[in-house]
Amino acid sequence: MTMQKTMVIKHGGSVEAAGARLLKEVATWAQAMRVALVHGGGPAITEALKQSGVASTFLRGRRVTDERTLTVAEAVLAGTVNKRIVRALQAAGANAVGISGEDGGLLTAIPSVEEGLGFVGDVQRVNTKLLETLLQAGFLPVLAPLGLEENGQLRNVNADAAAAAVAGALRADWFIFTTDVAGVKESPDAEKPIPKLTIADAYALIETGVATGGMIPKLEAAVSALCQGAARVAICDGRTEGLLARLLSGEAIGTVLTA
Ligand SMILES: Nc1ncnc2c1ncn2[C@@H]1O[C@H](COP(=O)(O)OP(=O)(O)O)[C@@H](O)[C@H]1O
Ligand SMILES: CC(=O)N[C@@H](CCC(=O)OP(=O)(O)O)C(=O)O
């Protein structure tokens, strides 16, 4: 028996609204390999907070999370966004199971090492048993990026970081970020993304300020997943036609990082 390949997809909140085609492709690939999807939802949380008159603040791409923000983040991520993605995948023929990092000890969190973020968490441990059980039984896990401390405190986990922990723990053959840019760029108006990056290159892009905002947690997550044993990481535009088929066939698309 040949071992099935494993693909982890981080579906960015920035492209969720334009993600129907991608989710159809995800459903198709889930028939041929083990696929887990971790979604974001930053823009949806920002919008929900705005409707309650609350402004959003980010530090190095992470949301400063007070108690009220945490409550909204949980409702939006584990509720609205998670179920929207599950519905789309079910309609595309996949057996998608939506779970939050809170469920079954999936993501055990600790308070973030970065200061000033409030109830943001870093992933300390991934319960791969739960994921392996679902994958083994042919389900497509759809994970909301929330974590639980051992004392039961909820933590808002950046979706890039949550996806990296999952990709690392599953030793993913492919870890693919879908976002709203073609890849990592040298400058905002660059036409094409940088095709290949090493771990050292990724750090240098953060250090020199070429990567800002939401690209910082993405590059840090890419490096973390590679260090934990993910084989290849790609950062790509989630609206690209046939994205997964093209990436898996080795086409140079987006930015690909290897250790
Ligand atoms: N060097 C860079 N190359 C590409 N995008 C960058 C770079 N630096 C910052 N960004 C920003 O990162 C954004 C993607 O991150 P984010 O908005 O968090 O998306 P997602 O919701 O998909 O995680 C891009 O839209 C872009 O504005
Ligand atoms: C701590 C932190 O930053 N949490 C994120 C979780 C969602 C997320 O990361 O969504 P995207 O991938 O769409 O940005 C937030 O509250 O926005």
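UniProt, in an unreviewed entry, places the feature "domain: Aspartate/glutamate/uridylate kinase" at residues 5–236. In this predicted model, that span is 38% helix and 24% strand, and its end C-alpha atoms lie 20 Å apart.

**Overall fold**

The protein as a whole comes to eight helices and 14 strands. Its radius of gyration is 17 Å, close to the 18 Å that the globule rule gives for 259 residues, so the protein is as compact as a globular protein of that length. Taken along the principal axes, the C-alpha atoms fill a box of roughly 45 × 45 × 30 Å, and buried residues make up 50% of the 259 residues. Among contacts between residues at least 6 apart in sequence, 74% join residues that are at least 24 apart.

**The two ligands**

The residues around each ligand can be set side by side by class.

| Ligand | Residues in shell | Nonpolar | Polar | Charged |
|---|---|---|---|---|
| Ligand 1 | 17 residues | six residues | nine residues | two residues |
| Ligand 2 | 17 residues | five residues | nine residues | three residues |

Around ligand 1, the residues that come nearest are G12, S14, T179, G214 and M215. For ligand 2, the closest residues are G13, G40, G42, R63 and A159. Three elements, α2 (42–51), β4 (62–63) and α5 (159–169), each supply at least two residues of the shell around ligand 2.

**Helix α2**

Helix α2, which contributes to the shell around ligand 2, has G42, A44 and I45 among its residues, and these three are buried. Seen down the axis of α2, the buried residues fall within an arc of 165°, so they line one face of the helix. An α-helix has 3.6 residues a turn, so residues three or four places apart point the same way. The buried residues of α2 pack against β4 and α3 (67–91), whereas the face turned away from this buried side carries the exposed residues K50 and Q51. Just after α2, G53 takes a positive phi of about 75°.

**The annotated binding site**

Under "binding site", again from an unreviewed entry, UniProt lists G41, G42, R63 and N156. These residues span 116 residues in sequence, yet no two of their C-alpha atoms are more than 11.6 Å apart, so they gather at one spot. Two of the listed residues, G42 and R63, also belong to the closest residues around ligand 2.

G41 has its place in the loop between β2 (34–39) and α2, and it counts as buried because it has 27 C-beta neighbours inside 10 Å, where 20 or more are needed. Leaving aside its neighbours within four places in sequence, G41 is in contact with G13, E16, V76, L77 and V81, and G13 is one of the closest residues to ligand 2.

R63, for its part, is found in strand β4, and R63 too is buried, with 22 other C-beta atoms within 10 Å. Beyond its neighbours within four places in sequence, R63 is in contact with G42, S56, F58, T69 and N156. Of these contact partners, G42 and N156 are themselves listed by UniProt under "binding site", and G42 is one of the buried residues of α2.

Terms used: Residues are numbered from 1 along each chain as its sequence is written. Chains are lettered from A and ligands numbered from 1 in the order in which they are written. This is a predicted model: local features need pLDDT of at least 70, side-chain atom pairs count only at pLDDT 80 or more; totals for chains, interfaces and linings use all residues. A residue is near a molecule or strand if its C-beta atom, placed from the backbone, lies within 6 Å of it. Ala, Val, Leu, Ile, Met, Phe, Trp, Tyr, Cys and Pro count as nonpolar, Asp, Glu, Lys and Arg as charged, and the others, Gly among them, as polar. Helices (H or I, at least four residues) and strands (E, at least two) are DSSP runs, numbered from the N terminus. UniProt positions are given in the numbering used here, feature names are shortened, and annotations may be inferred rather than shown by experiment. The radius of gyration is taken over C-alpha atoms; the globule rule is 2.2 Å times the number of residues to the power 0.38. A residue is buried if 20 or more other C-beta atoms lie within 10 Å of its own, exposed if 12 or fewer, and partly exposed in between; C-beta atoms are placed from the backbone. Two residues are in contact if their C-beta atoms, placed from the backbone, lie within 7 Å. The arc is that of the directions from the helix axis to the C-beta atoms.
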